[in-house]
Amino acid sequence: MPASRLLLAAQSGEIEVPEGSVAWLNAAPELDLGIDATRIKAAQVFFPAHAHLAARGIATTPVLEDQTDHALIQAHRAKAATLELIATACENTASGATIYVDGDKTDGIESLLKDIKRRFGGADSYSKAHGKLVWFTRPDTMPDLDDWANATYQFPNGWVTRAGVFSADGPDAGSKALAEALPALKGKVADLGSGWGYLSAEALKSDAITELHGFEADYHATQCAKHNVQDPRATFEWCDALTQTNAGYDAVISNPPFHATRKPDPALGAAFINKAADMLKPKGTLWMVANRNLPYEATLNDRFRRVDIVSQAGGFKVIAAHTPKTTRAR
């Protein structure tokens with residue numbers, strides 16, 4: 001298990017390993033903090049990472065619920081999400097606590113260091129492996145962090161999103177392309193990777209849908225979807241869509257992710273296609289959108305009897321894959 005910058009800084013003598021309880025926000029399940037698991041209270045909104053942390057014996061919730069002696073924040077790709085986590089850490093610690101922020105250069109750690117210094121009057125840092133560990137002492141009199149703490153975005157139509165979720169600034173172009181191509185779906189529908197609910201809301205314009213189940217790995221996106229889609233036919237579950245076992249769907253809709261990190265990983269999208277095929281009824285259809293350059297055709301043809309490219313525009317392809325193949329037919 002790779003050593004975290006916190007552990008490396010302690011081993012180099014730059015800092016001492018914090019004593020007492022430590023909140024670990026946006027916790028990275030693959031890292032070793034050099035702290036006994038019983039002293040860590042982790043918060044992680046991405047379900048697979050959340051499950052990994054729990055399997056390590058670390059008490060884990062999607063959002064921090066308890067007061068702790070110190071806090072460590074793993075920087076988020078979205079700066080506003082990291083600032084919100086810093087505000088949360090300050091709210092859940094007392095004066096004198098050490099707040100650590102750990103991030104790569106690609107996470108914008110240099111910009112975060114400048115913001116922390118401006119807001120708190122100073123901070124220390126330790127550089128290692130193309131990134132930094134930054135720390136400061138929580139002051140007795142706190143600066144105003146209201147602008148950091150508000151990570152929710154409100155749209156004129158009443159929809160909400162949140163910093164850090166996919167396409168937080170509004171519906172993405174791929175989802176819009178799929179929504180425009182969808183026919184009036186009917187029966188039981190699943191939205192794989194339902195995000196903050198845009199595609200589900202568009203699909204539910206069809207009165208012929210009897211129920212729609214959204215499956216999403218991001219806790220904050222799931223909470224937004226529950227707010228945004230008030231239709232009684234809809235339910236949203238925070239889970240790993242690839243491990244859920246629901247089946248018997250007439251249609252599956254999906255704008256599948258194609259990377260878990262910054263590096264594209266078409267295998268992730270292919271896994272969503274396989275899951276959709278497993279979930280559908282014998283005459284069901286998968287409606288999906290993907291970047292035109294992503295090589296999903298082999299997986300689609302392996303799992304479905306007929307695959308149609310419905311539209312191609314703006315760098316996206318909308319696909320309708322009909323009639324999943326049985327194990328015998330493949």
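**Exercise 1. Find the partners of strand β16, and work out how many bridges join each of them to β16.**

Eight bridges join strand β15 (residues 304–313) to β16, and the two run antiparallel. Strands here are DSSP runs of E with at least two residues, helices are runs of H or I with at least four, and both are numbered from the N terminus. Two strands count as paired if DSSP finds at least two bridges between them. Before going on, a word on the ground rules: this is a predicted model, where local features need pLDDT of at least 70 and side-chain atom pairs count only at pLDDT 80 or more, while totals for chains, interfaces and linings use all residues. Residues are numbered from 1 along each chain as its sequence is written, and side-chain values use heavy atoms, with hydrogens and water left out.

Step 1: pick a facing pair on the β15 side. Aspartate 308 stands opposite alanine 320 in β16.

Step 2: look at the turn. The hairpin of β15 and β16 has two residues between the strands, and glycine 314 takes a positive phi near 60° there.

Step 3: add the other partner. Strand β14 (residues 280–291) pairs with β16 in the antiparallel sense over seven bridges. Here alanine 290 stands opposite lysine 317 in β16.

**Exercise 2. Decide why β16 can be called largely enclosed.**

Step 1: fix the cut-offs. Buried means under 20% relative accessible area, exposed means over 50%, and partly exposed is in between (1.4 Å probe, protein chains only).

Step 2: count. Eight of the nine residues of β16 (residues 316–324) are buried, so the rest of the structure largely encloses this strand.

Step 3: check one residue. Threonine 323 lies in β16, and its relative accessible area of 26% makes it partly exposed.

**Exercise 3. Which residues other than glycine have a positive phi near or about 60°?**

Step 1: recall the background. Most residues other than glycine have a negative phi.

Step 2: go back to threonine 323. Its phi is positive, about 60°, although it is not a glycine.

Step 3: take histidine 130. Its phi is near 60°, again a positive value in a residue other than glycine. Histidine 130 sits in the loop between β6 (124–127) and β7 (131–137), and at 67% relative accessibility it counts as exposed.

**Exercise 4. Test the length of helix α9, then see what touches threonine 299.**

Step 1: get the expected span, which is 1.5 Å times one less than the number of residues. For the 14 residues of α9 (residues 266–279) that should be 20 Å, and the end C-alpha atoms are 20 Å apart, which agrees.

Step 2: list what is hidden. The buried residues of α9 include Ala270, Phe272 and Ile273.

Step 3: move to threonine 299, found in helix α10 (residues 297–303). Threonine 299 is buried, at 18% relative accessible area. Not counting residues up to four places away in sequence, it touches Ala270, Ile273 and Asn274 (contact means heavy atoms within 4.5 Å).

**Exercise 5. Which residues of the largest nonpolar core touch the most other members?**

Step 1: define it. A nonpolar core is a set of buried Ala, Val, Leu, Ile, Met, Phe, Trp, Tyr and Cys residues joined through side-chain atoms within 4.5 Å.

Step 2: read off the hubs. Of the 30 residues in the largest core, Leu178, Leu182, Leu185, Ala203, Ile209, Ile253 and Trp287 touch the most other members.

Step 3: ask who contributes. Among the elements that each supply at least two residues of this core are α6 (173–181), α7 (198–203), β14 and β16. The largest share, four residues, comes from α7.

Step 4: zoom in on isoleucine 253. Leaving aside neighbours within four places in sequence, its contacts include Leu182, Leu185, Ala203 and Trp287. There's also a second, separate core of 24 residues, which includes Ala75, Ile86, Ile99 and Val134.

**Exercise 6. Place glutamate 237 and proline 295.**

Step 1: glutamate 237 lies in strand β12 and is partly exposed at 38% relative accessibility. It touches Gly214, Phe215, Glu216 and Thr222, not counting residues up to four places away in sequence.

Step 2: proline 295 is in the loop between β14 and α10 and counts as exposed at 55% relative accessibility. The C-alpha atoms of proline 295 and alanine 89 are separated by 42 Å, with their positions 206 residues apart along the chain.
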